[in-house]
Amino acid sequence: MKDYEELSEKAAEILMKQLESKPDSVIGLATGGTPIGMYRQLVSRFKREEISFARVTAFNLDEYIGLGKEQPESFYSYMEHHFFGHVDIPVASRHIPDGMAENLEGACEAYESSIEASGGIDLQVVGIGQNGHIGFNEPGTSFQSRTHVTELSASTRRANAKYFDVKEMPEQAITMGLQTIMKARSIVLLAYGHEKRDALAQLRTGKITGSFPASCLHEHPNVTVLYGEESEGEG
Ligand code: F6R
């Protein structure tokens, strides 16, 4: 059991090791509350000149549909604020699905092709929703799915409503598919807090079912799960 700082440090170390062994790694990134500490760690290591991201290519898991880059709730803004704005990943090497694309289907295909053209993801960071979603692959999503447009479930919208004015909470997103995630050569799943306890318990049963998307990870040969909870009396 880890506290949040330990979890974040461990996650940052896994990323650092990946870049030590392959400085031009392709990394898949997640947003949400959980990886903020990992990004904070990576930014401070970058500022201490312990690490460079200059040769990295990054692909984010997902983005809301209908939110422009300038909107603070977009994952574009999140990444600028927590990570990209502070490190040296070249702008051309940062990829986030375009939730404002006129042709959303085309944007999904282009995203998938651009991951393939980069040589594929070496290390993918994912979080997990209380309903077992990874990326925004909600229960029932095909394990064969590639980058696609998805309707956000009521559970996901409730969990993320804290970031939005209720009326403005998007109903759809573009997300890498489960197959896209599974093609990554290694995966790190980060989960923190008692509200993720049931999801982690479900994951640990080892049962593979479409009603719990994260369960597809049991079929991947190289997944690290980092889980932490608040210590008693905290949060
Ligand atoms: C974020 C994403 C989501 C989150 C998940 C957990 O890019 O794809 O699957 O990882 O909803 O979010 P937090 O960390 O806020 O609990």
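## Exercises on the pockets and the ligand

The second largest pocket has a volume of about 260 Å³. Here a pocket is an open set of points on a 1 Å grid over the protein atoms alone, where a 1.4 Å probe fits, with protein on both sides within 12 Å along at least five of seven lines. A volume is the space filled by probe spheres set on the points. The model is predicted: local features need pLDDT of at least 70, side-chain atom pairs count only at pLDDT 80 or more, and totals for chains, interfaces and linings use all residues. Residues are numbered from 1 along each chain as its sequence is written, and side-chain values use heavy atoms, with hydrogens and water left out.

**Exercise 1.** Describe the lining of the second largest pocket.

*Solution.* Step one: lining residues have an atom within 4 Å of a grid point. There are 15 of them, and Lys69, Tyr76, Arg94, His95 and Ile96 are the closest to the centre of the second largest pocket. Step two: α3 and β4 (94-95) each supply at least two lining residues; helices (H or I, at least four residues) and strands (E, at least two) are DSSP runs, numbered from the N terminus. Step three: the lining comprises 7 nonpolar, 3 polar and 5 charged residues. In this scheme Ala, Val, Leu, Ile, Met, Phe, Trp, Tyr, Cys and Pro are nonpolar, Asp, Glu, Lys and Arg are charged, and the others, Gly among them, are polar.

**Exercise 2.** Describe the largest pocket and its lining.

*Solution.* Step one: the space in the largest pocket is about 790 Å³. Step two: 37 residues line the largest pocket, and Thr31, Gly32, Gly33, Asn160 and Tyr163 lie nearest its centre. Step three: at least two lining residues come from each of β3 (62-64), α3 (75-82) and α5 (154-160), with α5 giving the largest share, 4 residues. Step four: the classes are 16 nonpolar, 15 polar and 6 charged.

**Exercise 3.** Locate the ligand and describe its surroundings.

*Solution.* Step one: the ligand sits in the largest pocket, meaning that more than half of its atoms lie within 2 Å of the grid points. Step two: the residues around the ligand (a heavy atom within 4 Å) include Ala30, Leu61, Ile128 and His133. This shell holds 3 nonpolar, 7 polar and 2 charged residues. Step three: polar contacts are pairs of N or O atoms within 3.5 Å. Ligand oxygen atoms lie 2.4 Å from a side-chain N or O atom of Thr34, 2.4 Å from a polar side-chain atom of Asp62 and 2.5 Å from a side-chain N or O atom of Lys196.

Methods. A polar contact is a pair of N or O atoms within 3.5 Å; within protein, one must be able to donate a hydrogen and the other to accept it, and residues adjacent in sequence count only if both atoms are side-chain atoms.
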